[in-house]
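User: I am new to this structure and would like to learn how to read it. Could you show me the model and then take me through its features one by one?

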Amino acid sequence: MERVYLFTRFERLWHWAQAVLIIGMLVTGFEIHGTYKWLGFAQAHKVHTTIVWAFIALWVFAIFWHLTTGEWRQYIPTMKNIDKVVRFYAVGIFRGDPHPFQPTRARKHNPMQAQTYLGVTVVVTPLLWISGLAYLFYNELSAAGWGIQLGTIALVHTIGAFLMLAFLIGHIYLGTTGHTPTAHFKAMVSGWDEAH
């Protein structure tokens with residue numbers, strides 16, 4: 001095995017900070033939605049809003065970092081060898097086949113990862129941000145003449161939350177599919193990945 005330095009210190013910080021913030025938003029958001037009672041509505045709303053602003057600040061900084069370092073190229077989707085990657089996850093992984101994609105510093109994500117991350121970045125996250133900010137500033141939008149129904153905003157935001165939850169569950173599961181169940185997690189802690 002060969003060790004490859006894949007993830008910079010900032011990428012790892014950004015990844016784990018996002019994970020904590022997303023889980024915090026999901027936990028408080030579903031409480032605001034009335035799914036369960038833990039902090040109480042008012043406290044959950046306050047914590048949720050604070051986490052949202054921290055998440056937006058993190059993303060503004062991350063966007064700047066990606067643009068200035070050129071790392072945004074990691075998220076350009078490709079169809080090259082996608083058929084092999086799909087076959088691996090559909091069948092090969094259960095037979096113990098080697099992964100058809102080996103990450104490098106220049107291309108960290110396999111074609112399915114790049115497409116998924118791009119989808120989360122340009123569809124799910126903006127859906128949550130726009131609907132969440134519309135929810136947060138509903139009174140101001142209504143006063144300005146925007147006739148959006150609060151129920152519609154809440155429904156769109158809830159759909160976005162379930163999409164993010166589905167991504168999170170899939171992301172954690174796929175994190176266990178390396179050459180050992182913890183290999184991908186170790187790489188996201190140390191920055192080093194073991195390539196076969």
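Analyst: We will go from the overall layout to the strands, single residues, ring pairs and a pocket. This is a predicted model, in which local features need pLDDT of at least 70 and side-chain atom pairs count only at pLDDT 80 or more, while totals for chains, interfaces and linings use all residues. Residues are numbered from 1 along each chain as its sequence is written, and side-chain values use heavy atoms, with hydrogens and water left out.

User: How many helices and strands are there in the chain, and in what order do the elements run?

Analyst: Helices (H or I, at least four residues) and strands (E, at least two) are DSSP runs, numbered from the N terminus. The chain has 7 helices and 2 strands. Starting at the N terminus, the order is β-α-α-α-α-α-α-α-β. Along the principal axes, the C-alpha atoms fill a box of roughly 60 × 35 × 30 Å.

User: What share of the residues count as buried?

Analyst: A residue is buried under 20% relative accessible area, exposed over 50% and partly exposed in between (1.4 Å probe, protein chains only). Here 36% of the 196 residues count as buried.

User: In what sense do the two strands pair?

Analyst: Strands pair if DSSP finds at least two bridges between them. Strand β1 (residues 2-5) and β2 are paired in the antiparallel sense over 4 bridges. Within that pairing, Y5 is opposite W192 in β2. Strand β2 (residues 192-195) has D193 and A195 on its covered face, and W192 and E194 on its uncovered one.

User: Which residues is Y5 in contact with, beyond its neighbours within four places in sequence?

Analyst: Contact means heavy atoms within 4.5 Å. With neighbours within four places in sequence left aside, Y5 touches R12, R105, S190, G191 and W192. Y5 is partly exposed, at a relative accessible area of 32%.

User: Is W38 buried or exposed?

Analyst: W38 counts as exposed, with 60% relative accessibility. You will find W38 in the loop between α1 and α2. Apart from neighbours within four places in sequence, W38 is in contact with V27 and E31. The C-alpha atoms of W38 and T28 are 8.8 Å apart, with their positions 10 residues apart along the chain.

User: And F101, buried or exposed?

Analyst: F101 counts as buried, at 18% relative accessibility. F101 sits in the loop between α3 and α4. Its contacts, again without neighbours within four places in sequence, are V85, R107, K108, H109, N110 and P111.

User: What should I look for in a backbone angle such as phi?

Analyst: Most residues other than glycine have a negative phi, and most peptide bonds are trans. In this chain, N81 has a positive phi of about 65 degrees although it is not a glycine. N81 belongs to the loop between α2 and α3 (82-95), and at 34% relative accessibility N81 is partly exposed.

User: How many aromatic pairs are there?

Analyst: Rings of Phe, Tyr and Trp (its six-membered ring) pair if their centres lie within 6.5 Å; planes under 30 degrees apart count as stacked, over 60 as edge-to-face and the rest as tilted. That rule gives 10 aromatic pairs. For F55 and W59, the ring centres are 5.9 Å apart and the planes stand at 40 degrees, so this pair is tilted. Both residues lie in helix α2 (residues 41-69), 4 residues apart, which is about one turn of the helix. F55 is buried at 4% relative accessibility, and W59 is buried too, at 10%. Elsewhere, ring pairs link F10, F61 and W65 into a cluster.

User: How is empty space found, and which residues lie nearest the centre of the second largest pocket?

Analyst: Rolling a probe the size of a water molecule over the atoms shows where empty space is left. On a 1 Å grid over the protein atoms alone, a pocket is an open set of points where a 1.4 Å probe fits, with protein on both sides within 12 Å along at least five of seven lines; lining residues have an atom within 4 Å of a point. The lining of the second largest pocket has 25 residues, and G29, H48, G132, Y135 and H157 lie nearest its centre. The largest share of this lining, 7 residues, comes from α4.
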